[in-house]
Number of protein chains: 4
Amino acid sequence: MTVSPDAWQRRVEWPLAVAALVFLAAYSWLVLDPGLPTTVRRTLVLLDYATWALFAIDYAMRVLLAGGGLRGRLSYLRHHLLDLLIVLLPVLRPLRLLRLIALLRFIDRRASKSLQGRVAVYVALSTVLVLYAGALAELAAERGAPGANIETFGTSLWWAVTTITTVGYGDVYPVTTEGRWVAAALMVAGVALLGVVTASLASWFVARVRRDEPPAEPTVHPEVIALRAEVRELTAELRVHRAGREPPGS
Amino acid sequence: MTVSPDAWQRRVEWPLAVAALVFLAAYSWLVLDPGLPTTVRRTLVLLDYATWALFAIDYAMRVLLAGGGLRGRLSYLRHHLLDLLIVLLPVLRPLRLLRLIALLRFIDRRASKSLQGRVAVYVALSTVLVLYAGALAELAAERGAPGANIETFGTSLWWAVTTITTVGYGDVYPVTTEGRWVAAALMVAGVALLGVVTASLASWFVARVRRDEPPAEPTVHPEVIALRAEVRELTAELRVHRAGREPPGS
Amino acid sequence: MTVSPDAWQRRVEWPLAVAALVFLAAYSWLVLDPGLPTTVRRTLVLLDYATWALFAIDYAMRVLLAGGGLRGRLSYLRHHLLDLLIVLLPVLRPLRLLRLIALLRFIDRRASKSLQGRVAVYVALSTVLVLYAGALAELAAERGAPGANIETFGTSLWWAVTTITTVGYGDVYPVTTEGRWVAAALMVAGVALLGVVTASLASWFVARVRRDEPPAEPTVHPEVIALRAEVRELTAELRVHRAGREPPGS
Amino acid sequence: MTVSPDAWQRRVEWPLAVAALVFLAAYSWLVLDPGLPTTVRRTLVLLDYATWALFAIDYAMRVLLAGGGLRGRLSYLRHHLLDLLIVLLPVLRPLRLLRLIALLRFIDRRASKSLQGRVAVYVALSTVLVLYAGALAELAAERGAPGANIETFGTSLWWAVTTITTVGYGDVYPVTTEGRWVAAALMVAGVALLGVVTASLASWFVARVRRDEPPAEPTVHPEVIALRAEVRELTAELRVHRAGREPPGS
């Protein structure tokens, strides 16, 4: 009994979204409460690895189900590089958060139907998620570093907001290499956010302006006009024909 | 004598806009003049509560008029969450300023007809209102806080301008939690502002480019061409027919 | 011999552009060389007033030529508020630079034909002009103020670039009220710049995408198909008719 | 045997891209390792001049091949000013990096077919190249200057990212004139980046919204309806005609 990769993906959508949430909770607790007892800390780290394992299994299954032999599988790998990164890169700590993409995909599929409505919901939710995850990762990277000025979650969140909106006051900023990578990711997210908001508004405006335009006149094709003249001529011909055939007093 | 929620809303548009203005004046005075005598201060706070009461009554009336039983009313609540927030959240001080949305709606209905003209007027007026209200709320939040650098209305307005345009020099910036929430709101307004300005310009450009394009050729449908050939054939047929029937010298 | 306001405007385009250039040169010299001898300084200030007088005369002439009695003139005033501001507000020092709009208009009329080409030339030239004029005005406002950090033209230009692109490092920033107004104007120019660049690119992309789309199929209208069937039927009818009339061996 | 400038350009595309890469490698080594032995340093500087010579030869060849006499050649010069700048301006050190445009052109020609796909690849690759080259040039300009705070490649890259995204924290910033010109170039790149990302998204949205719209009803032209009526009338006419001609019992 074989399943297509798409059918598999539909089936595991729920479990993966739950796994991403569990991971987010565990990661949040780990970062936000540095004074955790060792047992709790170990359990949370275990949960982290467990969700990672789920994502790795999911990816392996999809590659197996892709079919088409080695070649088909390599092609599948090539077209799903982001998923491969999510699985391969948990070693680089902040990249673990890429697992949250499973959540974003989950939201995307369940969002409302109209394009602009979907974009609005998606942008709002993913911005909140990116801000929260980015602030977490930044705090984890910066806290305790020499010269660091992001030492609490509140400050980290404030920094994340000033970064994603590209305001960048510079009252607080990352000083570690890891923290700067997280910052770069947030900046890219900010550029994308600005782009999506603007593009969505622009498409709405363009559609509005087009709707307000007078509709194009139905064009009378000269071919049709010529045709009508010919039919009229034909009718006249036929009347003459009939008049000639009929006896005057019939 | 029942009224529809829409008819009600048209009727109370004026009073609510006036109430929002009164509230803005009272709030401005309260914030800008910290050395007010207690009686004046109390009167202004009373005015604040009075305008809040007007908005609460308006919302309650609209829910009542919505009809459709409990279900219809809950649906109305769900579709007018922003108005609900305006009524429920005056406790969080800066959110009182959401009452000014009544002013923005008032402007929106009375703006000029063309889409781009409307957007220009609306963007200009709402940016000024957001800047003024944001600077007020920021000053109220920051003044007197330890380490604060926004201590006068002039500085607060300057900060608001650098924030909404996403420039963010960082010469002054909020340090309190409340002030940072106000800042986040201004940043979101800034992203929206950039988006609306760009989108409005883009729709204008797109319309201009389309107008300059050569209009699509009226397409001659092959069906019409075939039809014309058939009619011509028919006419020829009829002429042959008539020539055969008529006596040579008629 | 009366002239329409438009004909007048075409005629004075050249002199006003030259006047704006003269003013820019005089203003630049005044600001950039604070150690000018008094006589030179007085001459430059005179030039400043002389160009202002030219703009005032031009505006007065246009109002006079507008016709339509007092009412027509007031309507003209209302539709050319920006020009009125240029004339009325030279008292507020940096607003004198609004006279440079005459230069921008001059460029606008002489730019290339295609919309995107025109926008590119116009954006580039007006950005350079705004940067130069903004840096001058900022330097004039800030130099010598207590706590100021913009003291040379180079720094002022650097500040103007960081401001108009909304980067805003905050290594230098205005501290005087006048300087902050100039900064706000540059920020607004920056938002407009971003908007125009993006909108122009977007219209180009939209046009490209539309050009690449397969053209809409010429729609066969069912009405035309029915018509063809009827004509075919008619032809058949006529053939039957003719066959019946003709003698078998003719 | 003459070759057209376009054919020449296609032929030298590969060698020029390789030359640009060699130059980038040599320049990177020169900037990143200030403690190079003199012989290595001299070799790298030689490589720099050698690639410059290649670009100069390429440009001279294209001008020669352009044909059309002196006039045609001057016209070619005027339409390829950017290439002229690349050749003429290696004296201004950071402008040497303009040679990398050969790389960007190379990428552009080999990118995928769909417009959005091409833009995505092109934006990503050119952003990375601009960031790397900008950080190199900034480091070369700033390192060792009095008061400079960009002293390592890591910091320079971090600064380049905060600049191109227009975030601009201001924790590090250029202080030399050369460094500020490099910064201005990166800011312009940032504005263009934002514009291209947004415009590309907007065109995608606009196309999506248009695809989701109900297709325009095929308009029944009144001319066609009138024609059908006439043909029907004609058929009826013919039937009457035939009935009258035929003997009752045939």
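This passage walks through a predicted model, starting with the make-up of chain A and then turning to selected helices, salt bridges and a surface patch.

A few conventions help with reading: residues are numbered from 1 along each chain as its sequence is written, while chains are lettered from A and ligands numbered from 1 in the order in which they are written. Because the model is predicted, local features need pLDDT of at least 70 and side-chain atom pairs count only at pLDDT 80 or more, whereas totals for chains, interfaces and linings use all residues; side-chain values use heavy atoms, with hydrogens and water left out.

Chain A holds nine helices and zero strands, and along the sequence its pattern reads α-α-α-α-α-α-α-α-α. Helices here are DSSP runs of H or I with at least four residues, strands are runs of E with at least two, and both are numbered from the N terminus. Of the 250 residues of chain A, 47% count as buried; buried means under 20% relative accessible area, exposed means over 50%, and partly exposed lies in between, using a 1.4 Å probe and protein chains only. Chain A exposes about 12,700 Å², and 67% of that area is supplied by carbon and sulfur atoms. Accessible areas come from the Shrake-Rupley method with a 1.4 Å probe, and for residues only the protein chains shown count as cover. Among contacts in chain A between residues at least 6 apart in sequence, 63% join residues at least 24 apart, a contact being heavy atoms within 4.5 Å.

An unreviewed UniProt entry lists residues 12-32, 44-65, 85-107, 119-137 and 181-207 of chain A under "transmembrane region". UniProt positions are given in the numbering used here, feature names are shortened, and annotations may be inferred rather than shown by experiment. Two of these spans can be followed in the model. Residues 44-65 of chain A are 100% helix and 0% strand, with end C-alpha atoms 32 Å apart. Residues 119-137 of chain A are likewise 100% helix and 0% strand, and their end C-alpha atoms lie 26 Å apart.

Helix α2 of chain A covers residues 38-65 and includes Leu47(A). This residue counts as partly exposed because its relative accessibility is 34%. Leu47(A) joins Trp14(A), Val18(A) and Val22(A) in a nonpolar patch on the surface, with about 350 Å² of accessible area together. The largest share of the patch, three residues, comes from helix α1 (residues 5-32) of chain A. Patches are made of residues with over 30% relative accessible area and no salt bridge, like charges being joined within 9 Å and nonpolar side chains (Val, Leu, Ile, Met, Phe, Trp, Tyr) within 5 Å.

Over all chains, the whole structure contains four salt bridges, each defined as a side-chain nitrogen of Lys or Arg within 4 Å of a carboxyl oxygen of Asp or Glu. One of them links Asp58(A) and Arg62(A), at 2.8 Å from N to O. These partners are about one helical turn apart because four residues separate them in helix α2 of chain A. Asp58(A) counts as buried because its relative accessibility is 5%, and Arg62(A) because its value is 2%. In chain B, Asp58(B) and Arg62(B) form a salt bridge at 2.8 Å, and both residues are buried. They sit four residues apart in helix α2 (residues 38-65) of chain B.

Chain D has a salt bridge between Asp58(D) and Arg62(D), whose closest N and O atoms are 2.8 Å apart. Both residues lie in helix α2 of chain D, about one turn of the helix apart. This helix (residues 38-66) has 29 residues and reaches 42 Å from its first C-alpha to its last, close to the 42 Å expected at 1.5 Å a residue. The expected span is 1.5 Å times one less than the number of residues. Buried residues of α2(D) include Leu44(D), Phe55(D), Asp58(D), Tyr59(D) and Arg62(D). Just after α2(D), Gly67(D) takes a positive phi of about 70 degrees.

Helix α7 of chain B (residues 153-164) is mostly covered, with nine of its twelve residues buried. Among them are Trp158(B), Trp159(B) and Ile164(B). Its end C-alpha atoms are 16 Å apart, in agreement with the 16 Å expected. Just after α7(B), Thr166(B) takes a positive phi of about 60 degrees. Ile164(B) is touched by Thr127(B), which also touches Leu193(B), not counting residues up to four places away in sequence. Thr127(B) lies in helix α6 (residues 115-142) of chain B and is buried, with a relative accessible area of 18%.
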